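Dear colleague,

Please find below the structure that I promised to hand over, followed by what was found in it. I suggest keeping the view open while you read, so that each residue can be looked up as it comes.

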Amino acid sequence: MTRQLVVEADGGSRGNPGPAGYGAVVRDAGSGQVLAETAAYIGRATNNVAEYRGLIAGLRAAHALAPEAAVRVRMDSKLVVEQMSGRWKIKHPDMKPLALEAQKIYPPGAVRFEWIPRERNKHADRLANEAMDAGRRGEEWRPGPPGPAAEPLVAEPFAEPPAAEPPAAEVAPAEATAEPPSHEPNAAATARGWGPATGTPTTLLLLRHGETPFTAEKRFSGSGGPDPALTEVGHAQAASAAAALAGVGIGAVVSSPLRRCRQTAETVAARLGLDVRIEEGLRETDFGAWEGLTFEEVRQRHPDELRAWLTSADAHPTGGGESFAAVARRVAVARDKTLARYPGRTVLTVTHVTPVKTLLRLALGAPPAAMFRMELSPAALSEIGYYPDGNATVRRFNDTAHLGVTPR
């Protein structure tokens, strides 16, 4: 018998747009037992974006538990329920890539959507508020002890959304009018793979930062240790990248907050006459106690932790660093925010080894272990095109031609 799961999801924004976060809980449909909780602060966003991010996080958590399950999503957002059920069209550019991402997590027909009143979505709402509170403190949300099981859920009938229009505060301007069902294909349901053109893609040009002293010595250099600046060679690499990228039609520059990326991004942006937008989710992994060490030093001092890290995306570096799974979640959020903000444009995205490899493997649908089979040089360019139907294509990888060198 197919396993049945229930996902309850919510999101909120204190300002709309303002500081935002989401929460989601996965339950066993028969017992109501809580199987997983997830929540995150996502920076400045609207209520609708936060709700969609909660939906995506909840479906991902469910998929990690049971990829073949039948899933019932329960949310108090009429907008999300109606759009994901295919009864309302999705017009707003911030919503389209999020809806497409949500629909790709499970195969067609595996997920059904149910509107529930707000008072029946208190668990997910609490998680979203916890995440926003943690973000205000500059912290990451951490799950607490498991909560009690709810009443059995399988026998509950699917609740129909109320006939009234959603409140204006819930709907972004372009979404304010519900539209009748259409016989035109829903953008989120378009077939993927070989087929006709699927619209104008949004292109992320992924530029790894230039060389730092840690890069030259091949030391772990993440977001949990020193924040090194570019070397003289690194500045020259950034200048070469700027010259190569002039005139290629870049519409925006987004960067990790770490200094080596900001310096690289500012060099290119100055050449292009653009500002640099800082995206916190693009920072490098926090390598914990491994910061500043070489791979061999880590092998000698922390052999068991290193072995686990090399075999599991959920393993953490020694001393409380980030797992690859945690990095992938925030990098995916940063990607979605960027795609929603700059639809159809080419965006220079200046970041680090792990975020670049993560974006590439997600675009390819590859497992986390694939990251260990990618070599990424300082100031190398990679490129991914994201289409409106949710498809992604990797167009280049580790391109260093602008530096006058051949990748090793």
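In this predicted model, Glu 101 and Arg 335 are both buried, and their side chains meet in a salt bridge with an N to O distance of 2.9 Å. Because Glu 101 belongs to helix α3 (residues 96–105) while Arg 335 belongs to helix α10, this pair ties together parts that are 234 residues apart in sequence.

Arg 335 also appears in a second setting, namely the contact between helix α10 and helix α11, where Phe 324, Val 327, Ala 328, Val 331, Ala 332 and Arg 335 of α10 meet Thr 354, Pro 355, Thr 358, Leu 359, Arg 361 and Leu 362 of α11. Sorted by class, the residues of this contact are 8 nonpolar, 2 polar and 2 charged. How are the two helices, α10 and α11, placed relative to each other? Helix α10 (residues 324–341) packs against helix α11 (residues 353–364) at an angle of about 75°, and their axes lie 10 Å apart. Since angles of 65 to 115 degrees count as roughly perpendicular, α10 and α11 are therefore described as roughly perpendicular to each other.

To return to the charged pairs, the structure holds 28 salt bridges in total, and one of them is formed by the side chains of Glu 114 and Arg 72, at 3.5 Å from N to O. Glu 114 sits in strand β5 (residues 111–115) and Arg 72 in strand β4 (residues 70–75), so this pair ties together parts that are 42 residues apart in sequence. Glu 114 and Arg 72 are both buried.

A salt bridge within one helix is found for Arg 307 and Asp 304, whose side chains meet at 3.0 Å, N to O; both residues lie in helix α9 (residues 303–311), 3 residues apart, which is about one turn of the helix. There is also a network, in which salt bridges that share partners join Glu 8, Arg 27, Arg 72, Arg 74 and Glu 114.

Finally, please look at Phe 295, which lies in helix α8 (residues 295–301). Is Phe 295 buried or exposed? Its relative accessibility is 33%, so Phe 295 counts as partly exposed. Leaving aside residues up to four places away in sequence, Phe 295 touches Lys 218, Phe 220, Leu 306 and Leu 310. The C-alpha atoms of Phe 295 and Phe 220 are separated by 7.4 Å, although these two residues are 75 residues apart along the chain.

With best wishes

Definitions and conventions:
Residues numbered from 1 in each chain as written. Predicted model: local features only at pLDDT ≥ 70, side-chain atom pairs only at ≥ 80, totals over all residues. Heavy atoms only, no water. Axes fitted to C-alpha atoms, helices over the stretch in contact; angles between N-to-C directions. Helix = DSSP H or I, 4+ residues; strand = E, 2+ residues; numbered from the N terminus. Parallel < 35°, antiparallel > 145°, perpendicular 65-115°, else oblique. Contact = heavy atoms within 4.5 Å. Nonpolar A, V, L, I, M, F, W, Y, C, P; charged D, E, K, R; others polar. Salt bridge = Lys/Arg side-chain N within 4 Å of Asp/Glu carboxyl O. Buried < 20%, exposed > 50% of the residue type's maximum accessible area, 1.4 Å probe, protein only.
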